[in-house]
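User: Please take me through the core and the sheet of this model, with the criteria behind each term.

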Amino acid sequence: MKWEGNRESDNVEDRRDDAGGGGFRGGGGLLGGRSIGIGTIVVALLGGWVLGINPLTILSLLSGGAPPAQVQQQQGPAHRPPADDRMAKFVSTVLADTEDVWKDVFAKGGGTYQEPRLVLFRGATQTACGQGQAAMGPFYCPADQKVYIDLGFYETLKSRLGAPGDFAQAYVIAHEVGHHVQNLLGISGKMDQMRSRVSKTEYNALSVRLELQADCFAGVWANHAQSARQILEQGDVEEAMNAAAKIGDDALQRSSGGAVVPESFTHGTSAQRQRWFDTGLKTGSVKACDTFSARNL
């Protein structure tokens with residue numbers, strides 16, 4: 001991926017040196033005082049960035065509780081990453097590229113894009129959605145419109161999930177930004193409204209469509225970035241498609257040694273994730289990403 005020398009975003013907040021990892025203050029614990037099975041916790045945490053929503057919400061729903069309450073953040077002054085931090089520079093550059101693309105897309109549609117912030121942290125950090133932990137993987141919190149990532153996840157992506165490459169890493173960021181776009185468009189809010197109106201199986205099916213749309217939005221970003229700045233190198237698309245395949249629900253369930261249970265899917269299969277990323281990549285169209293109206297995913 002050709003990224004070096006491109007603009008870096010001013011919206012990156014570095015909390016990696018915060019004492020105690022920016023622990024949660026003034027709210028409930030991770031499990032909200034309820035006892036749930038360790039298997040459920042593992043599924044929720046492993047799938048955190050894959051689902052793209054705060055994994056605390058997943059845990060709360062699985063345990064029968066309400067979503068975590070929003071809390072007042074008491075974080076110290078935000079500061080930017082060191083200039084010589086190559087990985088932070090990469091993340092800042094990719095975030096800037098998503099800003100440029102979505103500003104243009106929203107403007108052409110008669111809207112205004114509100115840029116999200118991206119928070120780098122280690123171990124744990126507080127968010128407006130509850131305490132974020134590295135074990136959750138990257139996630140987006142709609143309550144504060146921030147993407148959270150512990151950069152150690154990229155080693156997990158490479159070594160444990162088998163998805164190496166800088167464009168695979170960029171796909172992770174673009175995916176989370178895709179959930180921010182959904183938030184701005186009111187799609188995430190509609191999902192929240194449906195939570196209490198449908199069964200768990202029906203909500204899982206809606207979650208799949210939400211997830212696949214974020215994958216498609218990541219593809220839309222790649223399409224526009226390529227057209228404007230020619231960022232892609234040989235093998236980049238294959239890296240993203242491989243990453244999409246590795247985190248499909250069926251692939252994750254197989255890798256955990258369990259049975260594949262379609263009714264429990266919340267992210268989409270490997271083939272579906274690849275298909276929708278490819279749809280966004282080839283069309284560059286937000287309208288083409290209407291997974292909620294699609295008969296076949």
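**Core and sheet**

Analyst: The largest nonpolar core has 56 residues, and those with the most contacts inside it are Met1, Trp102, Leu118, Tyr154, Phe167 and Trp221. Among the elements that each supply at least two residues of this core are helix H4 (86-108), strand E2 (117-120) and helix H8 (200-229). This is a predicted model: local features need pLDDT of at least 70, side-chain atom pairs count only at pLDDT 80 or more, and totals for chains, interfaces and linings use all residues. Residues are numbered from 1 along each chain as its sequence is written, and side-chain values use heavy atoms, without hydrogens and water.

User: What makes a set of residues a nonpolar core?

Analyst: The members are buried Ala, Val, Leu, Ile, Met, Phe, Trp, Tyr and Cys residues joined through side-chain atoms within 4.5 Å. Buried means under 20% relative accessible area, with a 1.4 Å probe and protein chains only. A second, separate core of 8 residues includes Phe121, Cys129, Met136 and Cys141.

User: Which residues does Met1 touch?

Analyst: Not counting residues up to four places away in sequence, they include Phe90, Phe167, Trp221 and Ile231; contact means heavy atoms within 4.5 Å.

User: Why are E5 and E6 called paired?

Analyst: Two strands pair if DSSP finds at least two bridges between them. E5 and E6 run antiparallel and are joined by 3 bridges, so they pair. Phe139 stands opposite Tyr148 in E6.

User: What is the strand order of the open sheet?

Analyst: The order of its 4 strands is E1-E2-E6-E5, with mixed pairing. Strand E1 (12-14) and strand E5 (139-141) are the edge strands, each pairing on one side only.

Conventions. Buried < 20%, exposed > 50% of the residue type's maximum accessible area, 1.4 Å probe, protein only.
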